Amino acid sequence: MTKKVYSANAFNVNKTMVDSNALSIIKELQKHHYQAYIVGGGIRDLILGFHPKDFDIATDATPEQVKKIFYRNAIIIGRRFKIVHVFFNELNQVRSSKYSKKIYDRHIIEVSTFRSSKQNDDKNTHGRLMSDNNYGTIEEDAKRRDFTINAMYYDPLAESIIDYGSGIQDIKDKTLHIIGKPQDRYIEDPVRILRAIRLSDKLNLQIDDNTRIPFQTTKHLLQNEPKGRLFEEMLKILQSGSSNKIINELSELKLSKGVFPLFDSENILDKNSLAKLVLEKTDERIQNQEDFSVPFVLAGILWHKVESSWIHNKNVKSHPNKEALVEAIAARKWILFDSGITQNLYSSIKDIWLLQYDLENPSLKKLDTILSNGRLRQAWHLYNLRNSLVKDPHPLHWWWNKFMDESIDDKTKLLIQLIDLAPQEETIKPKKKKRKKRKKLKEQDHNTSVKDNNI
Ligand code: ATP
Ligand code: MG
């Protein structure tokens, strides 16, 4: 690989565009006589004129040496390849003024040590690299990166960009090139296929033919990837600002099946579906650099399946309304767990779904409980999107929008209106027989345990 050095100035890039925390890490590492650069998306996106999602740092300091410098503010993570997370607590101005107290967000910068070109032989039966803790030079590190546009190193203090491949040229040509032999690089790590699709759609780049050709022969290897890693990749797709485009392409290439169970549905591609609308709104928010809620997006993508089971349980099985929804959620939750989500995230999604019932069936008695639910804003947002697809929304939709309007101080009138608008509470018949049975069983249990004790 030939080394080319460019002045950052030539691409209208300078250190004021770099996150201040990343810049302070680079200063500190260089002060300790280590090399330190912004690498990957941070510099790639600045050259392309995009707002970088994060600023990753590459250095010749080992993880232990980085940890020694940042000590309490750093942790070494990862097994396959150790990296250091350096964290900063940043005051959240908006939330602090809203809640009249200081609220901090944790901001993490990833610092990775240059990888060696000497790879371990620690590969699984599919050729997948399993451990990789050999450190090397910057040049060796460049060869190990995935695409040429991701192998550029920016030194913000020297204002220079080092390019070991054809990164700058490929940016000019708007092309995505994998580094090394394409097929081998996908066998070594099949997630690079997903990264190629995500980056090309997000950055409007053409995937070079040789980079694309082996997708078909290696894509099956994705099935062996750990669920957690695929879940991380799914989140990156949702946060890309081009999720709609990417999910369409994944589907065209038949890449979702067995890889992203949440994207593997006709509904998500259907122009008029709620899932599509959720993705469109999310893309819009990301493009405007607004924040985005993972539970809301996932709840929205899967809602049509939950809703169809809910309707089925109500109409075909004649189950009471709320019970029918609880059952529908239980029947569909495997799709989420199959996608690698955590129990915590599932609880939040479940809250958003259950609140759909409460928003459709509010009452004066229940209002306080509904309003104190931490997921109400997101549930209300989903409820609004659902109603935007209906010809004649229920008058309650209008009522909720008025009620949630923070500029209206006196809501007494609205509370009176709710009495007329709210649907009748369901009267659930007491299950007398079951109770009797349970009582009988209890008596039996008691008798057996007494007997057992006697033995
Ligand atoms: P973005 O952060 O905008 O999603 P990115 O390219 O910065 O894109 P990260 O996941 O943050 O993606 O990775 C940082 C860098 O690490 C990449 O630019 C690339 O150089 C390298 N990298 C990430 N994943 C791989 C991989 N699977 N194989 C080789 N190199 C990788
Ligand atoms: Mg990045």
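A polar contact here is a pair of N or O atoms within 3.5 Å. With that in hand, welcome to this predicted model. Its open sheet has 8 strands with mixed pairing, and 17 residues surround ligand 1.

**Contacts with ligand 1**
- In the side chain of Arg 195, an N or O atom sits 3.1 Å from an oxygen atom of ligand 1.
- Arg 145 offers a polar side-chain atom at 3.0 Å from an oxygen atom of the ligand.
- For Asp 146 the polar atom belongs to the backbone, and it lies 3.2 Å from a nitrogen atom of ligand 1.
- Of the 590 Å² of accessible area that ligand 1 has on its own, the protein covers 86%.

**The shell around ligand 1**
- Helices α2, α8 (191-203) and α11 (227-238) are the elements that give two or more residues to this shell.
- With 4 residues, α8 supplies the largest share.
- The closest residues are Arg 44, Asp 189, Arg 192, Arg 198 and Lys 236.
- By class, the shell counts 14 charged and 3 polar residues, and no nonpolar ones.

**The sheet**
- Its strands follow the order β1-β8-β7-β2-β3-β6-β5-β4.
- At the edges are β1 (4-7) and β4 (74-77), each pairing on one side only.
- On average, neighbouring strands are turned by 35° against each other, direction ignored.
- Strand β1 pairs with β8 (residues 160-163) in the antiparallel sense, over 4 bridges; Val 5 has Ile 162 of β8 as its bridge partner.

**Where a helix meets the sheet**
- Helix α2 (residues 41-48) lies across β2 (36-39), β7 (152-155) and β8, at about 60° to β2.
- This helix is also one of the elements giving two or more residues to the ligand shell.

Note on methods:
Residues are numbered from 1 along each chain as its sequence is written. Chains are lettered from A and ligands numbered from 1 in the order in which they are written. This is a predicted model: local features need pLDDT of at least 70, side-chain atom pairs count only at pLDDT 80 or more; totals for chains, interfaces and linings use all residues. Side-chain values use heavy atoms; hydrogens and water are left out. Two strands pair if DSSP finds at least two bridges between them. Axes are lines fitted to C-alpha atoms, for helices over the stretch in contact, and angles run from 0 to 180 degrees between N-to-C directions. Contact means heavy atoms within 4.5 Å. A residue is near a molecule or strand if one of its heavy atoms lies within 4 Å of it. A polar contact is a pair of N or O atoms within 3.5 Å; within protein, one must be able to donate a hydrogen and the other to accept it, and residues adjacent in sequence count only if both atoms are side-chain atoms. Accessible areas come from the Shrake-Rupley method with a 1.4 Å probe; for residues, only the protein chains shown count as cover. Ala, Val, Leu, Ile, Met, Phe, Trp, Tyr, Cys and Pro count as nonpolar, Asp, Glu, Lys and Arg as charged, and the others, Gly among them, as polar.
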